[in-house]
Amino acid sequence: MNKLKLVFATNNKNKLKEVEAMLPHFEIVSLEAINCFEDIPETSDTLEGNAIIKANFITEKYGLNCFADDTGLEVEVLNNEPGVYSARYAGENCTPEDNIQKLLKELGNNPNRKAQFRTAVALNIEGKQYIFEGICKGEILKEKHGENGFGYDPIFKPEGFSKSFAEMNLDEKGKISHRGKAIEKLVTFLNKHTW
């Protein structure tokens, strides 16, 4: 029986590996595998909107079933900023370190450090579109802890844990992370349908 091919609109090989392991009945392929090297513009002001833009781009241009995700860090006291601008919070060509420093500066000594990571996934399959969401609540630490992960992981401590995302291994983080939760919903959905 042929596996259904599903494009994951990402160039992140770690993300791809994680998802492949969760969807053994599908052939999961990257943008590179379909020779898509374009920078797909993320012009929406919502995470869902950006995930939809990326998924639709692949479906319209290549005619393939596909899913895409977008993730943002939402800090309560900063009106849910940086949100959709998480990757470029400190400016267009900023580094993750620049973003962390800007966020810590904006927060200052504010006692309310509640935040959440949120991932939206858009799935285009067999002519229909489905949206899944994953949320991981936590708080912003006053300084960096840990060397693992990427982005804001060193200053984000998930609820119910005493360590930051950057102090966890991939497996620990995957079980509780926003992306893990959104992808889990996608996997459950895909596995219960016969395509």
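# A visitor's tour of a predicted model

The largest pocket of this predicted model has a volume of about 1100 Å³.

Visitor: Which element gives the most to the lining of the largest pocket?
Guide: Start with the lining itself, which takes in 34 residues, with K15, E42, K54, D70 and A87 nearest the pocket's centre. The elements that give two or more residues are β3 (66-75), α3 (96-107) and α5 (178-192). With 5 residues, the top giver is β3.

Visitor: How many nonpolar, polar and charged residues are in that lining?
Guide: We're sorting the 34 lining residues by class here. The lining of the largest pocket has 12 charged, 10 polar and 12 nonpolar residues.
The counts, in the order you asked, are 12, 10 and 12.

Visitor: At what angle do α1 and α5 pack?
Guide: Two packed helices are described by the angle between their axes and by how far apart those axes are. For helix α1 (residues 13-22) and α5, the axes are 10 Å apart. The crossing of α1 past α5 is right-handed. As for the angle, it's about 35°.

Visitor: Which residues of α1 make the contact with α5?
Guide: Look at the α5 side to begin with: R179, G180, I183, E184, V187 and N191 take part. By class, the contact has 4 nonpolar, 2 polar and 3 charged residues. On the α1 side, the residues are K15, V19 and M22.

Visitor: Is L23 buried or exposed?
Guide: L23 sits in the loop between α1 and β2. Leaving aside neighbours within four places in sequence, L23 touches I28, V187, L190 and N191. Buried means under 20% relative accessible area. L23 has 0%, so L23 is buried.

Visitor: What separates the C-alpha atoms of L23 and F8?
Guide: Along the chain, L23 and F8 are 15 residues apart. In space, their C-alpha atoms are separated by 12 Å.

Visitor: Which residues is H178 in contact with, leaving aside its neighbours within four places in sequence?
Guide: Find H178 in helix α5. H178 is buried, because its relative accessible area is 4% and the cut-off for buried is under 20%. One contact is T71, which is 107 residues away along the chain, although the two C-alpha atoms are separated by 8.3 Å. The full list is T71, F117, R118, T119, G134, I135, C136 and F165.

Visitor: Is N35 buried or exposed?
Guide: N35 belongs to the loop between β2 (26-29) and α2 (47-62). Its phi is near 60°, a positive value in a residue that isn't glycine. Exposed means over 50% relative accessible area. N35 comes in at 57%, so N35 is exposed.

Visitor: What is the relative accessible area of N80?
Guide: You'll find N80 in the loop between β3 and β4. N80 isn't glycine either, yet its phi is positive, near 65°. N80 counts as partly exposed, because its relative accessible area is 43%.

Visitor: Where is the cis peptide bond that has omega near -5°?
Guide: Head for strand β4 (residues 81-83), where P82 is found. The bond leading into P82 is the cis one, with omega near -5°. That bond runs from E81 to P82.

Key:
Residues are numbered from 1 along each chain as its sequence is written. This is a predicted model: local features need pLDDT of at least 70, side-chain atom pairs count only at pLDDT 80 or more; totals for chains, interfaces and linings use all residues. Side-chain values use heavy atoms; hydrogens and water are left out. On a 1 Å grid over the protein atoms alone, a cavity is a set of points where a 1.4 Å probe fits but cannot get out, and a pocket is an open set with protein on both sides within 12 Å along at least five of seven lines; lining residues have an atom within 4 Å of a point. Grid points are joined across faces, edges and corners, and a volume is the space filled by probe spheres set on the points. Helices (H or I, at least four residues) and strands (E, at least two) are DSSP runs, numbered from the N terminus. Ala, Val, Leu, Ile, Met, Phe, Trp, Tyr, Cys and Pro count as nonpolar, Asp, Glu, Lys and Arg as charged, and the others, Gly among them, as polar. Axes are lines fitted to C-alpha atoms, for helices over the stretch in contact, and angles run from 0 to 180 degrees between N-to-C directions. A crossing is left-handed if the near helix is turned anticlockwise from the far one by less than a right angle, and right-handed if clockwise. Contact means heavy atoms within 4.5 Å. Buried means under 20% relative accessible area, exposed over 50%, partly exposed in between (1.4 Å probe, protein chains only).
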